Amino acid sequence: MKNPELAIPIKKLEGCEAITMADFEGVVHALEYLLPDRATEGLTAQGISTADGAMHVADDAYPNWAVHIRGRANDRNGHWRCTLREDDSRDNDAAVGVGRSAVLAQAILAAVLRLSMMLKKDDGAA
């Protein structure tokens, strides 16, 4: 997978209010490519489609990182923003993952994918 291919699942997560299980399968494949085996062991489309499941992905991939979720829920849809930061006390993180979506789980997954892309690129340049 190359970066343009990885942008597709992020665009789906952030742009669609209700994505299909096939779309979540694409997210699973992107996560398997970007993250170490221990963080993706047992991932399923069904499992990551909920906010709890998405948070487990973030926790397994980036333990002890700060997760900030901000949003406003309303009858039609939410407006969620998720930020993943390594250091919650200072503003000098080398990489920060940010995701936005009408669906909380999708915002979390978009943040994990963005952060993982940045860190994978850094690993490849070394």
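**Exercise 1. Find which residues V112 is in contact with, leaving aside its neighbours within four places in sequence, and then place V112 in the nonpolar core.**

Step 1. In this predicted model, where local features need pLDDT of at least 70, side-chain atom pairs count only at pLDDT 80 or more, and totals for chains, interfaces and linings use all residues, the partners of V112 beyond four places in sequence are L31, L35, V57, A58, Y62 and L84. Residues are numbered from 1 along each chain as its sequence is written, and side-chain values use heavy atoms, with hydrogens and water left out. Contact here means heavy atoms within 4.5 Å.

Step 2. The largest nonpolar core has 34 residues, and V112 is among the members that touch the most others, together with L13, L31, I48, L109 and L113. A nonpolar core is a set of buried Ala, Val, Leu, Ile, Met, Phe, Trp, Tyr and Cys residues joined through side-chain atoms within 4.5 Å; buried means under 20% relative accessible area, exposed over 50%, and partly exposed in between, with a 1.4 Å probe and protein chains only.

Step 3. Two or more residues of this core are given by each of helix 1 (3-15), helix 2 (21-34), helix 4 (45-48), helix 5 (51-61), strand 2 and helix 6 (104-125). Helix 6 provides the largest share, 10 residues. Helices (H or I, at least four residues) and strands (E, at least two) are DSSP runs, numbered from the N terminus.

**Exercise 2. Work out which side chains of strand 3 are buried and which are not, and describe how strand 3 is joined to strand 2.**

Step 1. Side chains alternate along strand 3 (residues 97-101): G97, G99 and S101 point to one face and are buried, whereas V98 and R100 point to the other and are not.

Step 2. Strand 2 (residues 79-85) and strand 3 run antiparallel and are joined by 5 bridges, where pairing requires that DSSP finds at least two bridges between two strands. Within this arrangement, L84 stands opposite G97.

**Exercise 3. Compare the surroundings of S101 and C16, and state whether each is buried or partly exposed.**

Step 1. S101, which lies in strand 3, has a relative accessible area of 6% and is therefore buried. Its side chain reaches the backbone nitrogen of V103 at 3.1 Å. Beyond four places in sequence, S101 is in contact with L13, E14, C16, G78, H79, W80, Q106 and A107.

Step 2. C16 sits in the loop between helix 1 and helix 2, and it counts as partly exposed because its relative accessibility is 29%. Not counting residues up to four places away, C16 touches K11, S101 and Q106.

Step 3. Although C16 and S101 are 85 residues apart in sequence, their C-alpha atoms are 7.9 Å apart in space.

**Exercise 4. Determine where N64 is found and whether N64 is buried or exposed.**

Step 1. N64 is found in the loop between helix 5 and strand 1 (66-72), and its phi is near 70°, a positive value in a residue other than glycine.

Step 2. Its relative accessible area is 77%, so N64 is exposed.

**Exercise 5. Set out the pattern of the chain and its confidence.**

Step 1. The chain contains 6 helices and 3 strands, which follow the pattern α-α-α-α-α-β-β-β-α along the sequence.

Step 2. The average pLDDT, the predictor's confidence in each residue from 0 to 100, is 87, and 89% of the residues score at least 70.

Definitions and conventions: A polar contact is a pair of N or O atoms within 3.5 Å; within protein, one must be able to donate a hydrogen and the other to accept it, and residues adjacent in sequence count only if both atoms are side-chain atoms.
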